Amino acid sequence: MHVTHLSLADFRSYARAEVPLDPGVTVFVGANGQGKTNLVEAVGYLATLGSHRVSSDAPLVRMGAERAVVRAAVTQGERSQLIELELNPGRANRARVNRSSQVRPRDVLGIVRTVLFAPEDLALVKGDPGERRRFLDELVTARSPRMAGVRSDYERVLKQRNTLLKSTAMARRHGGRSMDLSTLDVWDQHLARVGAELLVQRLDLIATLQPLADKAYADVAPGGGPVALDYRSSVGPEGAASRSREELYEQVMAALAGARKQEIERGVTLVGPHRDDLVLGLRGMPAKGYASHGESWSYALALRLASYDLLRGEGNEPVLILDDVFAELDTRRRERPSWWPPASRCW
């Protein structure tokens with residue numbers, strides 16, 4: 001895959017930018033604050049419909065502008081496509097493919113595939129579980145773009161179920177009449193169904209990624225491993241071991257039933273993929289809290305390099321983007337060539 005041209009309008013610091021790109025390695029060099037990472041962020045947004053730096057679209061629109069446009073020409077084999085995203089904070093974003101056909105933004109997922117390493121990736125090792133869930137789910141979607149719909153369905157069901165639980169909890173606290181919880185049974189089934197699908201994909205991803213991550217860390221930090229990826233499920237230990245959708249569905253349903261009393265008291269869903277974590281191990285210990293700053297940086301980089309190898313091995317070679325990758329690597333690791341992916345479309 002090759003991004004041949006990137007166009008920006010009112011994106012971050014750019015009123016207008018036209019960036020032609022040749023195949024092979026591209027390097028952006030400049031002083032701090034000149035907008036190098038903004039270019040990286042724009043390509044990443046096309047691939048994931050989100051920023052690796054902020055959680056909303058508003059900061060992506062240049063100050064004083066009402067909207068931003070990110071457009072890219074992409075070549076995959078003999079096929080070329082032009083994709084365009086219009087960012088409208090507070091309103092629905094819009095997307096077009098090949099200028100004429102307007103589609104839903106999530107329909108462009110899979111046209112551009114990227115693996116992006118940035119300084120913010122330290123949060124994969126040092127941050128809260130949400131960072132690691134996001135890493136898994138974005139990679140799951142890169143492997144299978146249809147999973148964007150599954151993730152959206154899960155978030156919708158979770159929101160509806162939490163609303164019902166919150167209303168029930170408030171009614172009980174204020175002595176109101178008991179609410180009909182038959183609707184909760186329906187939401188349980190929906191949550192278990194889409195949750196099981198998401199769990200299956202996460203577990204398969206971790207099993208496939210494990211040896212690649214171990215190899216990548218050995219390349220980046222020779223002698224510093226091994227690493228281990230362990231999925232900690234709110235469904236219970238048996239949920240993290242199963243690979244069957246049917247089994248996982250039943251396990252999620254059972255876990256929801258077991259947690260119902262507590263959920264009604266607290267007014268929130270306590271079971272499901274949104275409560276899970278990817279536990280990163282290093283030399284038999286949890287990386288979070290035990291790994292040094294340099295080891296954490298190397299671990300985060302290894303996860304991204306393993307992701308690149310995974311997608312490339314499955315025939316979906318992504319654009320590899322490395323933002324300030326050498327900042328926290330010592331001289332020996334900077335000079336070691338074996339971890340640098342050969343013949344990559346690398347920024």
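User: Is His 2 buried or exposed?

Analyst: Quick heads-up: this is a predicted model, where local features need pLDDT of at least 70, side-chain atom pairs count only at pLDDT 80 or more, and totals for chains, interfaces and linings use all residues. Residues are numbered from 1 along each chain as its sequence is written, and side-chain values use heavy atoms, with hydrogens and water left out. His 2 sits in strand 1 (residues 2-11); strands are DSSP E runs of at least two residues, helices H or I runs of at least four, numbered from the N terminus. Its relative accessibility is 12%, and buried means under 20% (exposed is over 50%, partly exposed in between, with a 1.4 Å probe and protein chains only), so His 2 counts as buried.

User: Which backbone oxygen does the side chain of His 2 reach?

Analyst: Let's follow that side chain. At 3.1 Å, the side chain of His 2 reaches the backbone oxygen of Leu 21.

User: What is the order of the strands in the open sheet of 3 strands?

Analyst: Strand 8 (227-232) and strand 10 (285-286) are the edge strands, each pairing on one side only. Strand 8 pairs with strand 9 (residues 277-282) in the antiparallel sense over 6 bridges. The order is 8-9-10.

User: How are helix 3 and helix 9 placed, roughly parallel or roughly antiparallel?

Analyst: Helix 3 (residues 129-143) packs with helix 9 (residues 293-313) at about 15°, their axes 11 Å apart. Angles under 35 degrees count as roughly parallel and over 145 as roughly antiparallel, with 65 to 115 roughly perpendicular and the rest oblique. Therefore the two helices are roughly parallel.

Terms used:
Two strands pair if DSSP finds at least two bridges between them. Contact means heavy atoms within 4.5 Å. Axes are lines fitted to C-alpha atoms, for helices over the stretch in contact, and angles run from 0 to 180 degrees between N-to-C directions. A polar contact is a pair of N or O atoms within 3.5 Å; within protein, one must be able to donate a hydrogen and the other to accept it, and residues adjacent in sequence count only if both atoms are side-chain atoms.
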